[in-house]
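Open the model in your viewer and keep the sequence panel beside it. The tour visits the open and closed spaces, then one helix.

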Amino acid sequence: MLVCAALLPQVLLTVPLDGGPVRFGAPLPAAAVARGLRATGDAALQWRRLPIGDPRADPVWVELALTGRGSARIVAGGDGPCPDGCGPVVRWESRQQEGPHGRESTATWLWHTGERDVVLRVEFTAGAAIDGETFAGGEAMTCWEGDAASRARVLCRLPRAVFVAAGILPPAGSIGADLRRELAATSAHLMELPGRRGAGDFARSGGVVTNLEFDTTLAMLRFALATGEGAALARARRCAQHLRDRDLDGRTGLPFPHGPEHRTGTPAPGHAWLQGLLWTGLWFADDGLLAAARALAHGLAALPPGGERASERARDFAWPLGELEAWLRCEDDPVVALAADRLAVAIASRYDATARTFRFGEGEVGRGQYLERAWITGGIVLPALRAHLRRRPDPGLAARVHAVELALVRQVATAGAGVATHWRTAAGAVYAVHVARDDPRAVLLCEGLSAPALARLLRRSAVGDALTGSLRVDDPDLATSWTMVARCEWVWR
């Protein structure tokens, strides 16, 4: 019996099928992929490598296209990839042409079951009015026909372990249960902007378009994969497509920041949402989204943080570092790696042992005083440095990260009935502490804490009570608040 069990093929992934075609991305062991893949049961499989990573990468991201019924088990030892788009499950065709408004790209999937999916994308070379909406030059419009946009809905039926292994979700636990309930209760109140041009984006107070600040795509995707909510999964796809079509600046490769319109303001490294775009491109097996993520990574690598004194912002150093490290988890890119290393060195050089924080010009308020924005230090700076340390271990930098964490935890733990989100410091003394309740910035602050430090902090009822209630349906900035909470990995533990 033991010998027989050893001869059974290893099941790499089990996919529930209901008869209709499915198409999605998944990371699989490189050794298994090298032997080819096949599906057991009443299912047909066609697969290809996604255009990311190098041949030595492990795991390998692949696109799986399946038809059939029941539980299809993906195992090693089968057919090779179908990179030309013609296989036993689907035939894929593409063409490009110049249209009246710019370059038109058409992708067609002809499934052997008879279904036909079409995606049409127009890249506008000048302003154009279509169906009552005005698109600017540099934007694009993507239209889906058939079920092309929903072929990956089976992701909502895969076990959480798949997403934990990939790294987009942490192992399940109860630590963020209250906040997860708030996310579920308020998600339906996130109102997308109207029309094709607004789909996938949201508004906030003051007539401002969010432009997906804090990476709504990542937040929505994590929410969808953790809850299995199909509507959220579709919305995550629209967010990613909106970023690619509407918000990206073709000159810098970075998104335009939030403002009164989609394409106002100046693209900045502290407002570049790469992770959601990347993860959505991977799970949806969308080459266009992956290409946009690559362009964004290279744009960040080419645009170092600007500003001096009061205009030097921690976010412009730390946010791109976190995004570049996310890209480097998927692709070995020497140019991006060099840019990430330089950012890490620049942040490390701003460490102040007396204040026990990383000081940036925006916090210098005169006479040796420093305004510590703890929610930025804990929510953006520390996660970026931890991501960098996973790739490039450095005992000296790790010690500085630990010292800053201890200072944050000590201040938050002694803040009373709430969470200290910012304070002033001078010559090692802390004063003018701002204590917040029901504030999503306090949730974000916790993202950079190690698991033991966070557990100790949340055991204090004053902290846990202050975090609960961060999301309200009457919040005029609900889309931004919701994103700040849902993007946090710790919330899903």
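A pocket here is an open set of grid points with protein on both sides within 12 Å along at least five of seven lines, and its lining residues have an atom within 4 Å of a point. The model is predicted.

**Stop 1: the largest pocket**

Begin with the largest pocket, which holds about 1,000 Å³ of space. Select Gly167, Gln275, Arg329, Ala387 and Arg390: of the 45 lining residues, these are the closest to its centre. Next colour β5 (60-76), α3 (160-166), α6 (216-227), α8, α10 and α12, each of which supplies at least two lining residues. Which of these elements gives the most? The answer is α10, with 9 residues. By residue class, the lining of the largest pocket divides into 24 nonpolar, 6 polar and 15 charged.

**Stop 2: the second largest pocket**

Move to the second largest pocket, with a volume of about 710 Å³. Its lining has 32 residues, and Trp92, Ala107, Trp109, Asp287 and Gly288 are the closest to the centre. At least two lining residues come from each of β4 (43-49), β5, β6 (90-98), β7 (102-111), β8 (116-124), β11 (140-145), α7 and α9. Colour this lining by class to find 12 nonpolar, 9 polar and 11 charged residues.

**Stop 3: helix α9**

Select residues 287-302, which form α9. The helix has 16 residues and spans 23 Å from its first C-alpha to its last, close to the expected 22 Å. At its start, zoom in on Asp286: a side-chain oxygen of this residue comes within 3.0 Å of the backbone nitrogen of Gly288. Gly288, already selected at the second largest pocket, is one of the buried residues of α9. The others are Leu289, Leu290, Ala292, Ala293, Leu296, Ala297, Gly299 and Leu300. What do the buried residues of α9 pack against? Show α7 (230-247), α8 (275-283), α10 (314-330) and α11 (334-348), which are their packing partners.

**Stop 4: the cavity**

Finish with enclosed space. How many cavities of 30 Å³ or more does a search of the whole structure find? The search finds 1, with about 60 Å³ of space. Select its lining: Ala314, Phe358, Phe360, Glu362, Tyr370, Leu371, Glu372, Arg373, Ile376 and Thr377. β17 (369-373) and α12 (374-391) each supply at least two of these residues, and β17 has the largest share, 4 residues. The cavity lining divides into 6 nonpolar, 1 polar and 3 charged residues.

Notes: Residues are numbered from 1 along each chain as its sequence is written. This is a predicted model: local features need pLDDT of at least 70, side-chain atom pairs count only at pLDDT 80 or more; totals for chains, interfaces and linings use all residues. Side-chain values use heavy atoms; hydrogens and water are left out. The expected span of a helix is 1.5 Å times one less than its number of residues. Buried means under 20% relative accessible area, exposed over 50%, partly exposed in between (1.4 Å probe, protein chains only). Contact means heavy atoms within 4.5 Å. A polar contact is a pair of N or O atoms within 3.5 Å; within protein, one must be able to donate a hydrogen and the other to accept it, and residues adjacent in sequence count only if both atoms are side-chain atoms. On a 1 Å grid over the protein atoms alone, a cavity is a set of points where a 1.4 Å probe fits but cannot get out, and a pocket is an open set with protein on both sides within 12 Å along at least five of seven lines; lining residues have an atom within 4 Å of a point. Grid points are joined across faces, edges and corners, and a volume is the space filled by probe spheres set on the points. Ala, Val, Leu, Ile, Met, Phe, Trp, Tyr, Cys and Pro count as nonpolar, Asp, Glu, Lys and Arg as charged, and the others, Gly among them, as polar.
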